[in-house]
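Student: Could you take me closely through a single part of this model, where two helices pack against each other, and then show me the nonpolar core?

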Amino acid sequence: MAFEPPRRLVRALGETAPEGDDWLEKLPGLAREAVERRELTVERVQLPGGRSSLVVLVRRADGTPAVLKLAPPRARPQSERVALAHWGGRGAVQLLEPVSVDGEGAEGSEGVLLLERLHPDVSVRTLPEAKALLEAAGTLRRLWVDPPEGHVFETVAERTGRQAKAMRAGADAAPEVAPLVDAALSAREELLDSPPEHRLLHGTFRQSKVLSGDRMPWLAVGPDPVVGEHAFDLARLVRDRVEDLIAQPSGATTTRRRVRRLAESLEVDRDRLRGWTLFRAVESGVRARRVGRERDAELLLEFASWL
């Protein structure tokens, strides 16, 4: 089978690829090797697929359906592997290959994850909005556990520190966004001063990351794990369906109501959730503008201005 990278993946990785990165060119060969090593039968490449990995629907030698996921090093697949192993299927997709005590996978597993098959075309986004937020929030709560002892996960302070540098550069290049960037960076400094907890977080949680399963009704996929406070993880969920929010005459009011309801339902401080939602929306908006996705940037920055 030809493992043609989906256009969505090619476009997304092309926006962020460092000079000289040839992972996409190597991907078809990496996929064939991973399939042969595990004696898998390929059904199809999942389309439109994700923005950071190739997802292939496969069957194991005993006929069990599974998912083969291949991701470049910059997507931190090893970190994802360790987090999935630590969750052990509680609230998240199950890892089907063993992980050693030092977090390494089986031979030939670098950048490759063999996962439980969920229903890839059925996410909580298929539910009415209120129900989708409720189910997503319940799934997220199950992921908030203490990180493994001696973990090497990135912290919220480290991740947002890298992002803050890019945001400052974006504000220098586009002075009209400087007030929002300043507000977001100020919020970050205050929030990092006294975080209420240090837990293992999904890192990139949103409705499309929660898929229907057989073992449990809903399970999270695609984490970019980080250690920090709950409000950071919940913040990305606040802006889900941002296009719909922007289109509403009452979008700003709806957004503030969503912050309040999510904070109350998951026992998160409302002001901390608002602050991290502001930071993450501005960071995403500045990044979208930097890679030429002007429409996304406009939506995200308008959303941020409501907070």
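Tutor: What follows is a look at one pair of helices and then at the core.

This is a predicted model, in which local features need pLDDT of at least 70 and side-chain atom pairs count only at pLDDT 80 or more, while totals for chains, interfaces and linings use all residues. Residues are numbered from 1 along each chain as its sequence is written, and side-chain values use heavy atoms, with hydrogens and water left out.

Helix α7 (residues 230–238) and helix α9 (residues 251–265) pack with their axes 10 Å apart and at an angle of about 140°; helices here are DSSP runs of H or I with at least four residues, and axes are lines fitted to C-alpha atoms over the stretch in contact, with angles from 0 to 180 degrees between N-to-C directions. The two helices α7 and α9 are therefore oblique to each other, a word for angles that are not under 35 degrees (roughly parallel), over 145 (roughly antiparallel) or 65 to 115 (roughly perpendicular).

On the α7 side, Leu234, Leu237 and Val238 meet Arg258, Val259, Leu262 and Ala263 of α9, where contact means heavy atoms within 4.5 Å. By class, this contact of α7 with α9 has 6 nonpolar, no polar and 1 charged residues, with Ala, Val, Leu, Ile, Met, Phe, Trp, Tyr, Cys and Pro counted as nonpolar, Asp, Glu, Lys and Arg as charged, and the others, Gly among them, as polar.

Leu234 appears again in the largest nonpolar core, which has 70 residues, as one of those with the most contacts inside it; such a core is a set of buried Ala, Val, Leu, Ile, Met, Phe, Trp, Tyr and Cys residues joined through side-chain atoms within 4.5 Å, and buried means under 20% relative accessible area (1.4 Å probe, protein chains only). Helix α10 (residues 270–290) gives the most to this core, with 7 residues.

Conventions:
Buried < 20%, exposed > 50% of the residue type's maximum accessible area, 1.4 Å probe, protein only.
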